[in-house]
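Biologist: I am new to this one and would like to know what stands behind the words people use for it. Could you show it to me, please?

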Amino acid sequence: MPRIELNVAQVATLPCTHSETIPVSYLDEMGHMNVRWYTHLFSSGSTGFMQLIDLGWEKIAKQHGGTFILESHTRFLSEVRVGQTVHMHARLIGRSTKRYHLLQFMVNEDKQDISAVNEAVVAHIDLRMRRQASMPVDASRKLDEFLAEHQKLNWDPPVCGVIKA
């Protein structure tokens with residue numbers, strides 16, 4: 001597996017969607033954060049990104065909508081330990097009418113490194129039918145704005161190469 005070379009300063013320019021200081025309860029027998037908490041933190045970051053694109057829980061509930069993660073891939077790059085603070089930063093890679101391809105970076109503030117990268121395809125769902133549905137107009141507009149901005153970045157996103165919206 002090729003090593004991911006990332007610049008913390010570049011990643012820090014992306015929207016921060018969640019921050020958390022790691023409590024003792026997140027640790028495992030190895031003395032570092034257990035893998036399940038990476039999923040939790042990236043999920044919290046995804047929720048933060050949804051707020052940014054106008055797909056917050058209250059709004060999508062009124063529209064009988066929701067989101068499902070269809071596929072994800074996580075690269076663990078550096079240990080996270082108790083008391084360290086991590087920030088999730090989001091970069092939009094692509095989108096279709098019903099899905100978007102999101103890359104999230106877990107930046108460890110204390111170590112000034114990127115501890116993990118999560119890549120996911122997220123689908124907008126009509127919860128009445130439990131099927132994929134087109135994104136609401138406001139969310140589509142905001143996704144397009146983020147996509148245009150993120151495509152102008154002068155560094156390649158470290159995608160796994162298999163996942164696409």
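Biologist: Gladly received! What makes D126 count as buried or exposed?

Modeller: Its relative accessibility is 11%. Buried means under 20% relative accessible area, exposed over 50%, and partly exposed in between, with a 1.4 Å probe and protein chains only. D126 therefore counts as buried. A word on the source: this is a predicted model, where local features need pLDDT of at least 70 and side-chain atom pairs count only at pLDDT 80 or more, while totals for chains, interfaces and linings use all residues. Residues are numbered from 1 along each chain as its sequence is written, and side-chain values use heavy atoms, leaving out hydrogens and water.

Biologist: Why is the contact of R128 with D126 called a salt bridge?

Modeller: The term asks for a side-chain nitrogen of Lys or Arg within 4 Å of a carboxyl oxygen of Asp or Glu. In R128 and D126 the closest N and O atoms are 3.1 Å apart, so the name fits. R128 has a relative accessible area of 57%, which makes this residue exposed.

Biologist: How many salt bridges does this rule give?

Modeller: The count comes to six. One of them joins the side chains of K59 and D138, at 3.0 Å from N to O. K59 lies in helix 3 (residues 57-62) and D138 in helix 4, so this pair ties together parts 79 residues apart in sequence. Helices here are DSSP runs of H or I with at least four residues, strands are runs of E with at least two, and both are numbered from the N terminus. K59, with a relative accessible area of 28%, is partly exposed, and D138 is partly exposed at 30%. D54, K59 and D138 are linked in a network of salt bridges.

Biologist: What separates R141 and E145 in helix 4?

Modeller: About one helical turn, because they are four residues apart in that helix. R141 and E145 form a salt bridge too, with their closest N and O atoms 3.3 Å apart.

Biologist: Now the rings, please. Why is the pair of Y26 and W37 called stacked?

Modeller: Rings of Phe, Tyr and Trp (its six-membered ring) pair if their centres lie within 6.5 Å; planes under 30 degrees apart count as stacked, over 60 as edge-to-face and the rest as tilted. By this rule the count comes to five aromatic pairs. For Y26 and W37 the values are 3.9 Å centre to centre and 5° between the planes, hence stacked. Y26 lies in the loop between strand 1 (16-21) and helix 2 (35-52) and W37 in helix 2, so the pair ties together parts eleven residues apart in sequence. Y26 and W37 are both buried.

Biologist: And what makes F49 and F146 a tilted pair?

Modeller: Their centres are 5.5 Å apart with 50° between the planes, and an angle that is neither under 30 nor over 60 degrees counts as tilted. F49 sits in helix 2 and F146 in helix 4 (residues 137-151), 97 residues apart. Both F49 and F146 are buried, and together with Y100 they form one aromatic cluster.

Biologist: How do you know that R91 lies over the face of W155?

Modeller: A charge sits over a ring if NZ of Lys or CZ of Arg is within 6 Å of the ring centre and within 35 degrees of the ring normal. R91 is at 4.4 Å from the ring centre of W155 and lies over its face.
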